[in-house]
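Trainee: Could you walk me through a structure and show me how to read its features?
Mentor: Sure, let's take it one feature at a time.

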Amino acid sequence: MSSSTSNRYNRYQGYIDEYGMMAPEAKKQCCESLPFDVLSNLPENVIDIILMCLPFRDAVRTSILSNIWRYKWCRLPELTLDDAFWKTKNNLICHTTAITKIIYHILIFHEGPITKFTLCVPKSRSCPMIDDLIYFLAKNGIRDLVLKLPFKSEPYELPPSFFKSLQLRNLNLQNCLILRPPTFKGLDRLISLELCEVSISSEELGSLISHCLLLEHLVLYIAETYSNLIEINAPRLKSFYFAGSVRSIFLKNIPLLAKLLLASSDTDYFGEEKWDIAKFFESFESFSALEHIYLNMLFAAEASEVPTRLPFSLNSVKRLDISVDLYNSVEVSCALCLIRSFPYLQYMDISEAYPKYDIEEAYQVEFTSDVTFNHLREVRLTLASGSIIEMQLAKLLLANSPMLVRMLFASCVVKASAAVKKLAAELTTFQRASPKAEVSFIEN
């Protein structure tokens, strides 16, 4: 953009309100004042590229550049109305009327397909025209849809038009109510699905997932605990992230799964009832493609019920990220049970789940030395205090990892940084199975 054009652009910013819309009385004056220049003679594809590189609000503001540019933004195939968009120049959130006005302008003026649309409505605001918007998007070939609505006592129910969005590839929903119509047969082109705090029955959710035949990426944040299991039946699924009550899910048919992340909710404490770790992981035996497992779970059971290892080995698992209460003997036993069942681990990340500073309690837990990590190459330990129990864990890994190349220490709390750093320094002189193993401390 030339300096003269830039000056004119800045000059006419005053004609545009804080939401990116131009006052009607100013439009004529702007167009008449701007002389013909290079911007008015750019090829259509170049104009489209320029507009797609701009935030949506700035793309709309280009309508002041010339009469030719006036409605160019109306052809944008990707629109993002996120938190940054709703901020005004006074750093205030748009009122509901302003939100409605902006969406109304999109419905009236936009031409052509919309392949990607993001709508994040600010907290304490509402969006009265959302049904019309979804109908408009479904009719215009929407492929990627992000719909994040504010939490309400009554979640927003997706309209029937939503289930006609048959071109969808990527879908992200938050704070919505999903009631599938009887005639709905699924989103057969969907590749990625993310649901956060949606209201849907376990049966409906399981059915929705199973009818997305091309689904490869699945993320579920579910606060409530279902009485019935959610069956995950997705033959093409490659990655699955679940946060909530882990007891609510059953991994039924996911033979291509390569990455699994399980994070239990604060109320999902397995100590409230007897829990069979072997039964929970029994379906994993068929996961021959599984390479990366992340576990942040509240393990608890009677110590006698924790097996030494699972009845089978998962030879495909190469990386394990696990959060453990190192001061809980049962959690340590569960972690060791899993580690023994992944004989080909190459990378391991262990973090302290609940930082403690009571050293006497640490003496109650001991690590057995019957575990050998024949393929382990790198370990990261995120510790809390540099205590004896943490020293025992580090020594166990060093003494039983003949292929180890690097052991990294980090502190999960700032005030314990010096203690953990001291622990790392002490271990540099400790005898290790691998002569190549390096021990170092890294700052978080």
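**Reading helices, core and loops**

Mentor: Let's start with a helix pair: H6 passes H7 in a left-handed crossing. Keep in mind that this is a predicted model.

Trainee: How near do the axes of H6 and H7 come, and at what angle do they cross?

Mentor: For any helix pair, look at axis distance and crossing angle together. Here the axes of H6 (residues 96-109) and H7 (residues 130-139) come within 11 Å, with a crossing of roughly 30°. Angles under 35 degrees count as roughly parallel, and H6 and H7 are therefore roughly parallel to each other.

Trainee: Which residues of H6 and H7 meet?

Mentor: On the H6 side you have Ile103, Ile106 and Leu107, and they meet Asp132, Leu133 and Phe136 in H7. Sorted by type, the residues of this contact are five nonpolar, no polar and one charged.

Trainee: Okay, let's zoom out. How many helices and strands does the protein chain have?

Mentor: The protein chain has 13 helices and 18 strands. For burial, 49% of its 444 residues are buried. Then check how contacts spread along the sequence: among those with a separation of 6 or more, 67% are between residues 24 or more positions apart.

Trainee: And the nonpolar core? Which residues have the most contacts inside the largest one?

Mentor: Phe240 and Phe409 do, in a core of 125 residues. The element that gives the most to this core is helix H10 (residues 329-340), with eight residues.

Trainee: What does Phe240 touch, beyond residues up to four places away in sequence?

Mentor: The list is Leu218, Leu220, Ile232, Ile249, Leu251, Leu257, Lys259, Leu260 and Leu261. Notice that Lys259 is there along with several leucines.

Trainee: Now a single helix. Which residues are buried in H8?

Mentor: In H8 (residues 202-210), the buried ones are Ser202, Leu205, Gly206, Ser207, Leu208 and Ile209. The next thing to look up is what does the covering. For the buried residues of H8, the cover includes strands E7 (192-196), E8 (217-222) and E9 (230-233).

Trainee: E7 came up there. What about Ser192, is that residue buried or exposed?

Mentor: Ser192 lies in strand E7. The cut-off for buried is under 20% relative accessible area, so Ser192, with 11%, is buried. Leaving aside neighbours within four places in sequence, Ser192 is in contact with Arg169, Asn170, Leu171, Leu215 and His217.

Trainee: Where does Val198 lie?

Mentor: Val198 is in the loop between E7 and H8. A loop position can be checked for burial just like a strand position, and Val198 is buried, with a relative accessible area of 4%. Setting aside residues up to four places away in sequence, Val198 touches Leu173, Cys176 and Glu224. Another reading is the C-alpha distance: Val198 and Tyr156 are 42 residues apart along the chain, with their C-alpha atoms separated by 9.4 Å.

Trainee: One more loop, please. Why does Ser126 count as partly exposed?

Mentor: Partly exposed runs between 20% and 50%, and Ser126 counts as such because its relative accessibility is 33%. Ser126 is found in the loop between strand E2 (116-120) and H7.

Trainee: What is Ser126 in contact with, leaving aside its neighbours within four places in sequence?

Mentor: Thr96, Ile99 and Val121. For a C-alpha check, take Ser126 and Thr100: they are 26 residues apart along the chain, and their C-alpha atoms are separated by 8.8 Å.

How values were computed
Residues numbered from 1 in each chain as written. Predicted model: local features only at pLDDT ≥ 70, side-chain atom pairs only at ≥ 80, totals over all residues. Heavy atoms only, no water. Axes fitted to C-alpha atoms, helices over the stretch in contact; angles between N-to-C directions. Helix = DSSP H or I, 4+ residues; strand = E, 2+ residues; numbered from the N terminus. Parallel < 35°, antiparallel > 145°, perpendicular 65-115°, else oblique. Left-handed = near helix turned anticlockwise from the far one by under 90°. Contact = heavy atoms within 4.5 Å. Nonpolar A, V, L, I, M, F, W, Y, C, P; charged D, E, K, R; others polar. Core = buried A, V, L, I, M, F, W, Y, C linked by side-chain atoms within 4.5 Å. Buried < 20%, exposed > 50% of the residue type's maximum accessible area, 1.4 Å probe, protein only.
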